[in-house]
Amino acid sequence: NGGVNYAEGGPPGAEPLPVPNVAPPDPATAKQVTLDQLLAYADAHAPRVRVGRQQAALGEAEIEAASPLLQDNPDLGVAAGGRRVGSTSLFELELSLEQRFEIAGERGLRIEAAEAARDLAQLDLDQARWEVHAEVHALFYEVLLAKQRLAAVDQLVAFAESLYTIADKRARAGDTAPFTLIVARAELAQARQARVAEKQAGEAAKLALAGVVGWPAGQLPKLEGALPAVRRSPPLNELVTTAQRHHPALRGVALAVRAADARVRLEDREAWPEPALGVVYAREGEDAGPASHLWLGTLSVPIPIWQRNQAGRARAKAEREIARAEGDAMQATLRARLARAAGAVDAAAERVKIYGTHILPAFERNLEKIRRAYDLGELEIHQVSQIRERVLATQQEGLDALGDYYRAVAELEALLGTDIWPEAKKR
């Protein structure tokens with residue numbers, strides 16, 4: 001398309017979208033993919049982005065429709081007949097050609113309005129690209145967290161299997177009550193069921209991620225990457241400034257008002273009369289006699305008494321007020337929405353700090369201590385079950401805090417229109 005190239009950063013003065021400068025992976029050959037590769041692939045192939053690009057192309061069509069110098073085609077008229085004067089029959093032929101002209105600069109205003117609408121359509125494309133970008137981030141983190149949860153459940157299964165082995169050995173030797181083996185078998189079954197559920201959750205997250213990026217096979221290859229470090233949100237004033245500079249929807253406020261202003265000016269000019277210039281040729285004569293020829297130039301001007309484009313002008317003014325009101329509402333709620341999102345990030349980061357970032361190693365060490373104590377006879381099976389439940393609950397709460405943190409980060413980034421810490425996301 002011609003016009004502004006939004007793939008290179010949007011309208012004049014707009015900040016470029018944070019699309020990684022890496023080659024998108026080939027689904028036919030890729031064995032593993034990084035977050036940056038998925039982001040680059042999604043920006044080129046995500047279904048929402050592809051639809052947005054097609055819709056943005058309509059803006060160029062609107063400019064092309066507004067560009068012809070004359071909006072109306074000429075009118076050609078033909079009249080033929082006869083006239084009888086006494087006993088004389090006369091043949092008459094009349095040809096007319098008329099062209100309407102715009103005299104109030106409508107064409108320039110029409111192109112201006114079409115360009116403003118084109119810019120808005122391109123900004124909608126940027127909005128779709130950013131929403132996909134943010135969603136890929138969030139789902140990528142969800143998949144990585146699902147891996148951690150599955151690793152924790154694998155440890156739990158191994159722990160339950162070792163308990164069952166010890167309990168079975170003791171039961172065979174007659175060193176423990178029969179119900180001990182029943183409890184150990186139930187613990188093992190519960191751990192294996194939990195593994196099935198966690199594996200399914202991880203696969204569902206990968207399938208959702210594949211659907212968002214538009215991966216053709218539906219099943220992504222191995223994901224390579226690690227969760228970024230946990231940190232507190234930047235200051236609120238910095239967040240507000242970043243959002244106003246980056247977010248497509250916020251940048252679109254001024255464009256929407258500009259497009260509405262252009263439409264109002266155009267509709268006002270459309271109320272002006274459009275004169276028509278024409279030429280008329282008439283031929284009159286007898287069948288056997290000489291013919292007379294008549295040439296006339298014509299000018300007609302509509303008189304704008306009843307119809308002065310009242311509906312179009314009223315509609316354009318109402319749409320301009322709506323655009324201004326929507327912009328005011330967005331600006332008025334921006335700070336509060338960012339404050340809530342930043343507060344969620346800080347609260348989740350504090351929870352993660354309480355539980356510690358090395359959740360899985362601590363969980364593995366605690367399970368090993370419980371197993372050894374049971375093996376040495378220091379704990380009974382019911383005590384093991386109670387302690388295991390407490391350790392497992394703590395581990396799950398820690399992973400839940402991590403999950404809440406990365407979801408809060410994704411929500412805050414969605415409001416900003418850019419990555420919060422771009423340097424931490426480089427691969």
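Which side chain of opposite charge is nearest to Lys206, and how far away is it? Glu203 is the nearest, at 5.3 Å, and Lys206 is buried yet has no salt bridge. This is a predicted model, in which local features need pLDDT of at least 70, side-chain atom pairs count only at pLDDT 80 or more, and totals for chains, interfaces and linings use all residues. Residues are numbered from 1 along each chain as its sequence is written, and side-chain values use heavy atoms, with hydrogens and water left out.

**Lys206**
- Lys206 sits in helix α4 (residues 178-213); helices are DSSP runs of H or I with at least four residues, numbered from the N terminus.
- Buried means under 20% relative accessible area, exposed over 50%, and partly exposed in between (1.4 Å probe, protein chains only).
- Lys and Arg count as positive and Asp and Glu as negative, while His and the chain ends are not counted.
- A polar atom of the Lys206 side chain lies 3.5 Å from the backbone oxygen of Leu220.

**Salt bridges**
- The structure holds 21 salt bridges, each a side-chain nitrogen of Lys or Arg within 4 Å of a carboxyl oxygen of Asp or Glu.
- Arg265 and Glu112 form one of 2.3 Å, N to O; Arg265 lies in helix α6 and Glu112 in helix α3, so the pair ties together parts 153 residues apart in sequence.
- Asp268 and Arg313 meet at 3.2 Å, N to O, linking helix α6 with helix α7 across 45 residues.
- Asp404 pairs with Arg407 at 2.7 Å; the two are three residues apart in helix α9 (residues 381-416), about one helical turn.
- Asp43, Arg53, Asp126 and Arg129 are linked in a network of salt bridges.

Key: Polar contact = N/O pair within 3.5 Å; in protein donor to acceptor, adjacent residues only side chain to side chain.
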